[in-house]
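I sat down with this one and a fresh notebook page. Here is what I looked up, in the order I got curious.

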Amino acid sequence: MGLTPNGVTAVSAVFTFTGIILLVAVPTAPWLGIVVALLLALGYAWDSADGQLARLQGGGTIAGEWLDHFVDAIKIATLHLAVLVGLFRFTDISAGWLLVPLGFSVVATVSFFGTLLNDLLKGARGVASSQARGGGTALRSLVLVPTDYGLLCLVFVLWGWPTLFLAVYALLGVACTAFLALAAVKWFREMRRIDAPVTAGGAS
């Protein structure tokens, strides 16, 4: 199609943010959930393609990587807040349920920041990131399924049935919270192991 990697990122953003805007602007309905799920999934697919295209063209640029992460950050910061606003505007659920997307927003934002920070700090010490070292086992992939953004996109098919949507959405939120708690401990231990040779060298 003659698109640049940045152009692919832009297409991804159009799909994703159209879906997010619909959540806050249109009353809940079964058809809306299908449309939003499709738009978010298309946005996710195009977001996955920009880096692949950059590698096929000989490698990406720092500016392109910045743009990709910046768009991702906006998506993560706004999606769960859009759920909160949509539920508040168009459903009669109790106010306590609105804490679910609020908490999910915190967990998703911290997880995204933590992952980027890990790669940044490891790179500064010459340590390959987990992504650069390659994936893990099939079992690990299955365990991580509840935290996968693609699964979250699929859950929006239930948007037209708020009670059912909230039940599944809340379960995903709990799974992501548990993952973040465990990952934070693992990440901190990894940083301490990276620090150990430097500390030992300084002491000697």
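**Surface patch.** I started on the outside of this predicted model, where Phe113, Leu117, Leu120 and Leu121 form a nonpolar patch with about 390 Å² of accessible area together. For patches I took residues with over 30% relative accessible area and no salt bridge, joining like charges within 9 Å and nonpolar side chains (Val, Leu, Ile, Met, Phe, Trp, Tyr) within 5 Å. A salt bridge here is a side-chain nitrogen of Lys or Arg within 4 Å of a carboxyl oxygen of Asp or Glu. The areas are Shrake-Rupley values with a 1.4 Å probe, and for residues only the protein chains shown count as cover.

I then picked out Leu117, which lies in helix α4 (residues 99-124). Its relative accessibility is 31%, so Leu117 counts as partly exposed; that class sits between buried (under 20%) and exposed (over 50%).

**Ground rules.** I number residues from 1 along each chain as its sequence is written. Local features need pLDDT of at least 70 and side-chain atom pairs count only at pLDDT 80 or more, while totals for chains, interfaces and linings use all residues, and side-chain values use heavy atoms, without hydrogens and water.

**Confidence.** The chain has a mean pLDDT (the predictor's confidence in each residue, from 0 to 100) of 89, and 93% of its residues reach 70 or more. Among the elements, helix α5 (residues 130-133) has the lowest mean, 56, and helix α7 (residues 149-155) the highest, 96.

**Overall layout.** I find 8 helices and 0 strands, taken as DSSP runs numbered from the N terminus (helices H or I, at least four residues; strands E, at least two). The C-alpha trace spans about 65 × 45 × 30 Å along its principal axes. Of the 204 residues, 33% are buried.

**Helix α3.** I checked the length of α3 (residues 62-90): its 29 residues should span 42 Å, and the end C-alpha atoms are 41 Å apart, which agrees. The expected span is 1.5 Å times one less than the number of residues. Its buried residues include Asp68, Asp72, Lys75 and His80.

**Cysteines.** How many disulfides does a search of the whole structure find? The search gives 0, with a cut-off of 2.5 Å between cysteine sulfur atoms. The sulfur of Cys153 is 12 Å from its closest cysteine sulfur, in Cys176, too far for a bond. Cys153 is buried at 2% relative accessible area, and Cys176 is buried at 11%.

**Tyr169.** Last, I looked at Tyr169 in helix α8 (residues 162-203), which is buried at 0% relative accessibility. Tyr169 and Leu152 are 17 residues apart in sequence and 7.8 Å apart in space, C-alpha to C-alpha.

Note on methods: Buried means under 20% relative accessible area, exposed over 50%, partly exposed in between (1.4 Å probe, protein chains only).
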